[in-house]
Structure formats: structure tokens, C-alpha cells
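Visitor: Could you take me through one part of this protein up close? I would like to hear about a single helix and what surrounds it, and then about anything else worth a look.

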Amino acid sequence: MIRNIILILFISLLSFNSLDAKSFRVNLNYLVFTIPGDTSYVELQFFVFGNTMEYVAADNKGYQAFVDIEVDFLPVDTNRHGIKRNYSFASQIYPDTLAENKENIYNVFRIPMSNGEYKMRLRIYDRNQTEENALSFETPLWIDFNRNNVNLSDIQLIGTLSKTNEVSRFTKYNIDYIPYFSNYYPETVNELIFMNEVYHTDSGMAASEQFTYMCYISSYNEDKPYSEKYIRKKSIDVNPLHVILHSFNIDSLPSGNYNLNIVIFDANDSLYVMKKVFFQRSNPSVPDKTITPAVEMTNVSQDTLLLYLDYIYAIADANEKEFIRNAKSYTYKELDQFFSQFWYKRNRENPLLSWYEYYNNVVIANNSYSTLKIKGYKTDRGQIFLRYGAPNEIEKFPFTPEYYPYEIWYYYQALDQNNVMFIFYSRDLVTGFYELIHSTARNEVYNPAWKLILKAKGPKQREVDAKE
């Protein structure tokens, strides 16, 4: 995953509108890595728009701008000490302030961190502008690289790269690269380049085994590859660290929302861990042949309509949920009117399209999360999928003697919230039902002690759980 933030005045994830040149503007990526046998670290990558900065006289040599950064990492565990860092960097010097094309500034900082849950607070200043133009950002951050498990770093999207023997801030593994500071790929960009680090396959799997990684592009709401063209797969010997560096030519990828997925399998094709990052493609000259026209819903039975109402319960507000809970006491006409109004409120121009798209998500939830007794749309994972859509990243952890199986879902944006996670676990080894035990999203289950719930019990207790 790469967490990309557009900072324009105060934080806005959705605004790409052009502002006055003096509106200080910064793009930020923040990613988490580890060094096997050493330490983990957070990497902060900055892209400062040169024309949005204020340039002042610098020692009679010309005009220069300065950026100041304050970063705080506040641990959720209040018994631990927080981490505070301050950074500064400067633009190049210009002979006057009238130069129209001042260069943008790239910079990166790496901060050693121990495993744990944190709240990251960030403030960025243009030193020569007023306090009102300071940028601020806050997000939860979780670091958990376990030496006994196979782990993946966040996914680094790359704008340009070249081989080098020199060492700079943007050099890794003899590759000099400039990060891609967006999740949007316009028609003018036809290559998606990415890098990822795989950790601890030497201890997370038997030493005699190999592992296989697969990189692929999928539609946003699907897990399968969009086409054979967008798949990279390779078997690698076990190692403390392996670097994945690939690219996809996306010149023929239609406009739409997609995920870049990286999946790790062992020699028996068992899934160990996966990461995904969302990106949006704009390519109006290429038609999307996979789109199916919406089909109008007419003349359904009352039982079918009641089922449809049950489907939409996951995204209904409090008043709508109350109506759905008492749906059997209403007439067919009242139910039909409620259902039509439900979608009209959400999309006045094309309510049927919104219903069709949501119904497709119900089908995905049923195919992906159903158990022996519960349809997928009614499970915890299915409900979260329907409310927030497909996660940007999923980490899966198989059963061990110490922990029950669990999954962590990450969202860069979930409705009106940024950077939230959901943690599910399964005590039932037969049905595979996963229960939501913790989330950083508002109005969802919140339990800072969720790791204690994952502690597996003895073999006899696990057998009882499996029979339930």
C-alpha cells in the first residue's frame, strides 16, 4: 500500500482543483518498511509545488523558499514514549521572484519505529507564509512486522527510475527513483511502475520451500485479474528480504477504478499475505467491454422485495433501518415506494444504476464471505464490504498455535474518513466465520485490546470451537 495525501491549505483528499498560486500545496506519501534483523521505519515522502511557495531574499544572492515539518507519533499504549521529529529543507535560489516555473521539491525522511499502534500528526509550513497557510494531517498508523511471519512492506508507486551506483535519498537497491505522488493515472501516463519488499520467508516458511509472488491488476470490486495481460508471477527461494520491482503497460487499460495486488503463496499454494493499492485510470479513448447495462427491476414478488430490503440494511440510516426491521407489517406498495425512494435519495439522476451496482456488491459478498449457515452479505466482513466497498489492502494471517486466524482490512478512504482499518478473526475452524473485533472507523467496534482476543486456546478448546 502507498498512502498518498494531497495537502492544499487544510487537508483535502478529494480536491484537485487549481487554487491561487500562493495556496501552499504539498503531496505526501507515507509508507512502512522494515530491515530484517534490525528495525522498522516509516518513510515520509514529500512533493512540494514550487509555484505555491513564497520566495524571500536570501543573503543578497537571490530568492529562496523554505519548508518546515513537525511530525509526532503518539502511541496508543500510553505507557510508551512518543516520537517527535522536526525537519527543514529549502528550494534552490532564484535571481528574482518573477520566475514562472519554479522547480517542485522532492524530499524523503525515514524514521525508525518499533512495532505498535500510533497516531501520526503532521504539520507542514511554508516558513515565509502566514500561520493560516500551515497544512495539517492526522492518521492512525500501525506497525507490526513479525519475524515469525511472512510480511510485506507497503507498495511503492514509482514515477521514474534509473539504475545508479550513486546513493541519494531516493536510492534503493541501486535504483534511483522518484515516487509517484498520486493514485490517479491520466491518459498521458502509460506505465504503472511499483516496488515492494517481502520479508521473512526464511522463517515464516520451511527453509527447504520456495514461495511464489503474484502481482496483478484487478477491477476495484473484484479479486480476480482484469486480464492475463496484467499478471506477473514468479517463484523465489526463501530469503530474509526479497525486492519486487515490476511495471505494467496500461495504455490499453480502460478508464475506471482498479487495485494493484501483490499476493504471496507458499509451495502448496496457500495464501500467506497480500497487499493492494487503489488507483484510478483515465483513458477515454479505450472502451471498457466489461460494462454490462443496468437492468430495471420490475414485477418482483413480495418475498424478493423483502430480501432486497434486507440487502440494503447494511447501508441504511437509523430511520431506514427501523422501517426495514418492521418491513413485514407494511403493504407491497409501501415497501416498493420505500425501496424506490431509498435509491432516489442516493442518486437522483440514475437510482436504478446505484441499485444495480450495489446488488453486484451483494453478489460479491455472498460469493466471498458466505459460511455454512450465514449468507455473505450478513457476515461481518460482508457488512463492512457493503458499507465501505473493497479494502485497499488486506493482510491475512493463517492459524498458528498462538493465534486464531485473522485478517486486517485497510482503507485509504472509507466514506468521510481517512486511513481506517478493520480486524476480523475466526474461532470457528469449520465454517470459517470471521468476526469483527476492532476498527478505527467511527461507529464501528473499537477494542484497543484486540490482540488479546486473538490468543488461541489449547487443542481441546479448539476442537470444541470447531464443533459449534
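Guide: Happy to; what follows is a walk along one helix, then a visit to a cavity and two loop residues.

Please keep in mind that this is a predicted model. Our helix is H6, which spans residues 380-388. How many of its residues are buried? Of its 9 residues, 7 are, so H6 is largely enclosed by the rest of the structure. Buried here stands for a relative accessible area under 20%. If you would like to pick these residues out on screen, look for Arg-381, Gly-382, Gln-383, Ile-384, Phe-385, Leu-386 and Tyr-388.

And what do those buried residues pack against? Two of the partners are helices, H2 (302-312) and H5 (351-369). The others are strands: E23 (406-414), E24 (417-425) and E25 (435-439). Just past the end of H6 comes Gly-389, whose phi is positive, at about 85 degrees.

From there, let us turn to the empty space inside the model. Searching the whole structure for cavities of 30 Å³ or more turns up 1, and the largest cavity has a volume of about 160 Å³. Its lining is made up of 17 residues. Lying nearest the centre are Asp-144, Phe-145, Lys-275, Glu-395 and Tyr-410. Four strands each supply at least two residues of this lining: E10 (135-143), E11 (151-152), E21 (271-281) and E22 (393-397). The most comes from E22, which gives 3 residues. As for chemistry, the lining holds 9 nonpolar, 2 polar and 6 charged residues.

Two more backbone spots deserve a stop, and neither is a glycine. His-200 has a positive phi, near 65 degrees. You will find His-200 in the loop between strand E16 (191-199) and helix H1 (201-204). Is His-200 buried or exposed? With a relative accessibility of 3%, His-200 counts as buried, because the cut-off for that label is under 20%.

The other spot is Asn-443, where phi is also positive, at about 60 degrees. Asn-443 belongs to the loop between E25 and helix H7 (450-453), and E25 is one of the strands that the buried residues of H6 pack against. Asn-443 has a relative accessible area of 80% and is therefore exposed, a label given to values over 50%. So the pair gives you a neat contrast to check on screen: His-200 is buried, whereas Asn-443 is exposed.

Definitions and conventions:
Residues are numbered from 1 along each chain as its sequence is written. This is a predicted model: local features need pLDDT of at least 70, side-chain atom pairs count only at pLDDT 80 or more; totals for chains, interfaces and linings use all residues. Side-chain values use heavy atoms; hydrogens and water are left out. Buried means under 20% relative accessible area, exposed over 50%, partly exposed in between (1.4 Å probe, protein chains only). Contact means heavy atoms within 4.5 Å. On a 1 Å grid over the protein atoms alone, a cavity is a set of points where a 1.4 Å probe fits but cannot get out, and a pocket is an open set with protein on both sides within 12 Å along at least five of seven lines; lining residues have an atom within 4 Å of a point. Grid points are joined across faces, edges and corners, and a volume is the space filled by probe spheres set on the points. Ala, Val, Leu, Ile, Met, Phe, Trp, Tyr, Cys and Pro count as nonpolar, Asp, Glu, Lys and Arg as charged, and the others, Gly among them, as polar.
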